[in-house]
Structures are given as structure tokens and as C-alpha cells.
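Visitor: I'm new to this, so could you walk me through a structure step by step?
Guide: Sure, have a look at it below and then ask away.

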Amino acid sequence: MKKKGIEEVKNGKYFTLWDLIPYLLIAAIAVALLLVFLLPQKQNMTVFYVMHGDEKVMSYDFDAGELTVEEKYKDGVVTGGGENGFFVEIRTSDGFNRFFVDTANRTVKMTEADCSFTEDCTYLPAIENEGDSIICVPNKLRIVAGSEVSSPVTG
Amino acid sequence: MTKKVVLAVVAVATIAVLSLGLCACTLVVDGIDVGDYVGVQYTTYEYFNTYCTVSCYLPSSDKKAFEELWEGEIKEMIGNIEGCLSLDGENSDVAAFNAAAAGETIEISKTAFGAFFLAKEAYGVTGGAFNPAIALSVDLWGFSPRFNEGDYVPSEPYDRKDYKNELPSDEYVAAFAGLSDFSQTEIREEDGAYFVRKADVTATVGGEVYTQQLDLSGIGKGYCADAIAAVMRKHGYKFGYVNIGGSSMTMLKNARKESGADLGEWSAKVLSPLNDGSNYFKAYLKDVSLATSGGYQQNYEIKGVIYSHILDPFTGAPYASDVLTATVYGENAALADAYSTAMCVLGKDGAVALAGRLEGYTYTLAYDDGKGGFRVLSNADGALL
């Protein structure tokens, strides 16, 4: 490698494109590592869907703000406005449920069930992460956040 | 630095970055690349008076085959197990046992025999704290299925019209507790056939003669969860889990990486006994069966006293120990079910003593701290939430 003279160095640029390459590479590796370790982790839900038995009733996409109700359940689903979100009321052949969709915080909370049981589902926490779910056993209603497979919860 | 050296560094670095990028799209669990696996989940509410969810991660090309497996072999098997173990129904072995005379021997199915066998084992290991021969007590206190259907009508001599506000008579409580000696009930296999001999004991109250009655719902869900998981494994499905009612679960491996969990592990949360919907414990599990019992759900309150659906076989009344909830996991969901129930009955000290006798089973329990809260005892590798 040719030795540079003092004047040549003084008059030269502070750095060249070649000097930046190692830093760019380190940055790229850091981004790749972030992808590897962060992507598989649980994330806040972007969509949730509601099942009655094995049939999908409706779904909601938080990003698009889009509510989709399946044709069969169009007459059984009613929505209404609320602060920071909206209510959904679902009446199926098994019963009635009402839940609140908090669009600001991206959570869903069951608030009412007309079953004759202890209404356990109304005491369950609001779902917020991919895979979270709320199940109303008597009314065979299940709200699942995003993921195809809900997380295991025992109790 | 010459151009050649620079180019070499850039080439190596590019390969490294591409490899890492590729890693982000692949996930190898136990030698299987599950990065492109998709999840499917099916739920039925037709059995055990609760939900049964089967979750599976599989190659997308297997989705149709798994749906057929669910609709065919799995559902048929759930129906068969529930049919054998239910309290009523034409094909119910338990109903046949309950209808038999004291001391009578009846033939039962292989499926029922498997459940009876596990029940006998659990009864022995727990010193009778788990006891399926308390069906009459369960019915007396208003926790059998006929009370859950919303159209309850008093029909038995011991029924109360308003059973959630009126306690049963002590006479019935004592009489039914006296019928629960499950050690007198014998099972045997003979030339490929299966038999059970009912305990030769009776109790007479109000002119009615009662015999020992079984309720295997305490282990039935776990028994079924394990059976479903076995079918999944038999067909090559290694990723997923089975959840029956939230209280009985059998886990295979997880095909998704969860925060804090090792590859292949599920992050299983346990509901708080405060019944506020929060979770109090999280365990990282794979290829294991799990069960939870607790008195904080399915109960009623009379004059400030909570009466839970878990019956104490020694008193014939709802359990009144300091254990609010117990979770047990190990290789068999039915036994885990039985052990978690027994821990509630035995109380904190008895539960810890029982845990010391259990090989291959891990427990976590929450007990009353006397101040409206709870404390936790556990030998599990998990995290308090």
C-alpha cells in the first residue's frame, strides 16, 4: 500500500465511502439480529376474529379500521359507538354477548353474557396480544386476537 | 486497503447478513424447520359441558388432512370417551355402574377401564383426597350437570328448590360421605374383557336406599386430552396443544418462538384465584400434560361462606382448605387432574407432602394469605406475574 504524504492526508477528505462500509455492515448485521430476535415475539394484535362454534362470525382489522361480518350473522351483529372504541353485540342461536373494542389501545373486553352460569367470560381480562382469547362456553362464542392459534391459559 | 481486500470483506459480510436474514424466516425445533408452518385451531362445545380446543401447527399442505382428522377420528374419540364416562346415556359405563346394585359386578369398556384404572391409582397415591366415588355428594350440593342447564327442577328427595341459598341436611351429607370408600370398588381384566365390582355398601335416608355412585369428570377431561394428543402424534403432528375447559391440557411442542420461552415451549399462563381475570403464574412447557383445580369458579355463597364445586371426600361437603388453586403438570393429564384436585382438598401442608410423593409431576399452588390475597408455593420452573 502506498504511504500517503502529510500534505496529501491534510488535504484529503475526512473519510471516504470505503471507510463507511464497516459501519454500514455493522448496522446491517444489527438490524438482521433484531429481526431474528424480535420478529418471533408476541405482538399487539392487529386483527381479532369472533367464532361461534366452528363458524366465523366477524373480524376487525385495527390498522384498516375495517369490520367484516359474515353473511350468515349479518342480522345478529349490532355495533354502537363508545368512547375510544365501539361496542359489538352478537346474538346467536346460543345466546347474547356484548363486548367493547378499544380501538385506541387495541384491546377487546367481554362485558355482557346472558347465560345462566356465572358469566366467567366477563371477568376475563381484555385481550391485547396475538393469541389471546376469551371464551364464553355456554354461548359457544370465542374471541381470538390475531394469531391462528390462541395461547394456552389454564384456570 | 486494496480493492480486493475490501471486496472480500464486503462479500463475507453480505453472506453473513443474508444468512441472518434467512434465519429470520426459518425456525428449527427438534430438527424440524417449522418456519413456514401454519396454525389451525378447532373448537367443539359438544362434550364435557365445556369447550374442547385442538390447536396444531403444520405444513399448509396438511391443513385439509388435519381438518378431516379433527372431524373424523378425533371427534369420534372424544364422543366415545365422554359417552363412556358421562353420568347418563345408553353407552355410559359410569351410568351402568351407578345403576348397579351394591356388590354387583358389571362388564365395562376398555376406554372406561383405562379411566377407572387411573382413578384407582390417583385414589391410592392421594390417600383418598381424590375420590371419584362422591357423585352423590356432588349432586347433593348442586354441582352435577343437571344444575347447569338453566332449567333445574327439584326431582330427588334431597333436592332444595333454591339450592344456592339453602344448605343440604346433615343427614344426607353424612350418609353420602359414608358411601365413598373407593378402595372397596374393584377392577379387573379377564381374557380381554374388563370388569368392575361395585362397593358392597348402602345407605338409607328417608326410606330410600342409596349405593355408591361414581363421577369421573374429575379426570375425564384430562384422560381425553391425552388421548387426543396421542392421536395427533400417531399421525405425525408434533406441534400444538389440546385444551379442554381450560382446566385440562396436553401440550405438544410450540412452532412459534415465544418471549422468555425456549424453542418449542409454550408459555402457559395460570389464572389468578382472585377471579379478576389476571394471571398469576406463567410456566414454559412442552410435551407435557397440565391440569388446574380451584374453588374460585363454579361456586356459590351462603351467609358469607363460599361453597365450591370441589368436594372433600372425607366430609362429603365442599372443600374448605387454604388452597385456592393448584396446577400440576407431568406426563399424564388425568393424573395431573386428580392430583390438583387432591391438593385443594388437602390444603397447603398436605399438598406439599403429596407433591413430595409424586414422581415426575410439578406443582404450583396459591393459598389464602388471610388478608384477602394469596401466596404462592411451587417447585416449577416458571415466573410469577
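Visitor: How many helices and strands does chain B have?
Guide: Before counting, know that this is a predicted model, where local features need pLDDT of at least 70, side-chain atom pairs count only at pLDDT 80 or more, and totals for chains, interfaces and linings use all residues. Side-chain values use heavy atoms, without hydrogens and water, residues are numbered from 1 along each chain as its sequence is written, and chains are lettered from A and ligands numbered from 1 in the order in which they are written. Helices (H or I, at least four residues) and strands (E, at least two) are DSSP runs, numbered from the N terminus. On that basis chain B has eight helices and 22 strands.

Visitor: What share of chain B is buried?
Guide: Buried means under 20% relative accessible area, while exposed means over 50% and partly exposed is in between (1.4 Å probe, protein chains only). Out of 385 residues in chain B, the buried share is 54%.

Visitor: Which domains make up chain B, and how many residues of each are in contact?
Guide: The bounds come from an automatic or database domain assignment, which gives domain 1 (88-214) and domain 2 (257-385). Their centres, taken over C-alpha atoms, are 25 Å apart. Counting contact as heavy atoms within 4.5 Å, 24 residues of domain 1 of chain B meet 27 residues of domain 2 of chain B.

Visitor: Which helix gives the most to the largest nonpolar core?
Guide: A nonpolar core is a set of buried Ala, Val, Leu, Ile, Met, Phe, Trp, Tyr and Cys residues joined through side-chain atoms within 4.5 Å. The largest has 75 residues, and Phe66(B) and Ile78(B) are among those touching the most other members. With 12 residues, the top giver is helix H8 (residues 333-357) of chain B.

Visitor: How do H4(B) and H8(B) lie, roughly parallel or roughly antiparallel?
Guide: Axes are lines fitted to C-alpha atoms, for helices over the stretch in contact, and angles run from 0 to 180 degrees between N-to-C directions. Helix H4 (residues 110-125) of chain B packs against H8(B) at about 0°, with the axes 10 Å apart. Angles under 35 degrees count as roughly parallel, over 145 as roughly antiparallel, 65 to 115 as roughly perpendicular and the rest as oblique. So the two helices, H4(B) and H8(B), are roughly parallel.

Visitor: Which residues of H4(B) make that contact?
Guide: On the H8(B) side, the partners include Ala334(B), Tyr339(B) and Arg357(B). From H4(B) come Leu118(B), Glu121(B), Ala122(B) and Val125(B).
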